[in-house]
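Here are some short exercises to work through with the structure in view. Try each task before you read its solution.

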Amino acid sequence: MTTLTRRAAATTAALALTLSLGACSISIGTPDSSDNTSTQTAQQDGGQPASGDDSGSASTAAAPAGANPNIVEPGWLELLNNADATVMSPTNGQVMIDSAFVNAIVRDHVDTMTLTGTEIDIAATSVDHLVISGSFIDVYVEDVASVTITGTYVDVIYAGNPPTVDDTGFNNTVRQQSANGDD
């Protein structure tokens, strides 16, 4: 085996291990600066992100019990109805996700939500500040005050008033959900 072949095999193995480990947990919150406790981690059962295909039953899905009846966006409804989605609450007002292939629903108010992973679909009720540096992320949020994006291929869809947006990333969209759910 040549040195180049060994390096390629080692790199491939390391990448596979990194991707498999990254897809198995969600970090919630950040350690308090005065407290050296570790970040809480919620295990996820290998769920895949909601598909990007908005055709079929997603457009006719009904909002789940307890959801805002004004939500009509097909991808949003699909995520809210996803039985495999992780339901979480913020820790100290913070939600941080730095994993891959995450489907999550955040029920409580969030001061700061930070998304640094990839292939994340997340629905939230209320977020003061949304910070996204990851890629291929869909965020559905009823109310958001400000959005900062440095990542790529990010879609933020909101239902309330328009947020303040600082987007220095690439190929991102921040928009209000469509009135009839056709987008």
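Three exercises with worked solutions follow.

This is a predicted model, in which local features need pLDDT of at least 70, side-chain atom pairs count only at pLDDT 80 or more, and totals for chains, interfaces and linings use all residues. Residues are numbered from 1 along each chain as its sequence is written, and side-chain values use heavy atoms, with hydrogens and water left out.

**Exercise 1.** Find which side chains of strand β4 are buried.

- Step 1: Go to residues 94–97, which form β4; strands here are DSSP runs (E, at least two residues), numbered from the N terminus.
- Step 2: Compare the two faces: Val-95 and Ile-97 point to one and are buried, while Gln-94 and Met-96 point to the other and are not. Buried means under 20% relative accessible area, exposed over 50%, partly exposed in between (1.4 Å probe, protein chains only).

**Exercise 2.** Work out how β4 pairs with strand β6.

- Step 1: Look at residues 110–115, which make up β6; the two strands run in the parallel sense over 4 bridges. Strands pair if DSSP finds at least two bridges between them.
- Step 2: Start from Ile-97 and cross to β6, where its bridge partner is Leu-115.

**Exercise 3.** Locate the salt bridge of Glu-73.

- Step 1: Apply the rule: a side-chain nitrogen of Lys or Arg within 4 Å of a carboxyl oxygen of Asp or Glu. The count comes to 1.
- Step 2: Name the partner: Glu-73 meets Arg-175 at 2.8 Å, N to O. Glu-73 sits in the loop between β2 and α2, and Arg-175 in strand β11, 102 residues apart.
- Step 3: Check exposure: Glu-73 is buried, at 2% relative accessible area, whereas Arg-175 is partly exposed, at 23%.
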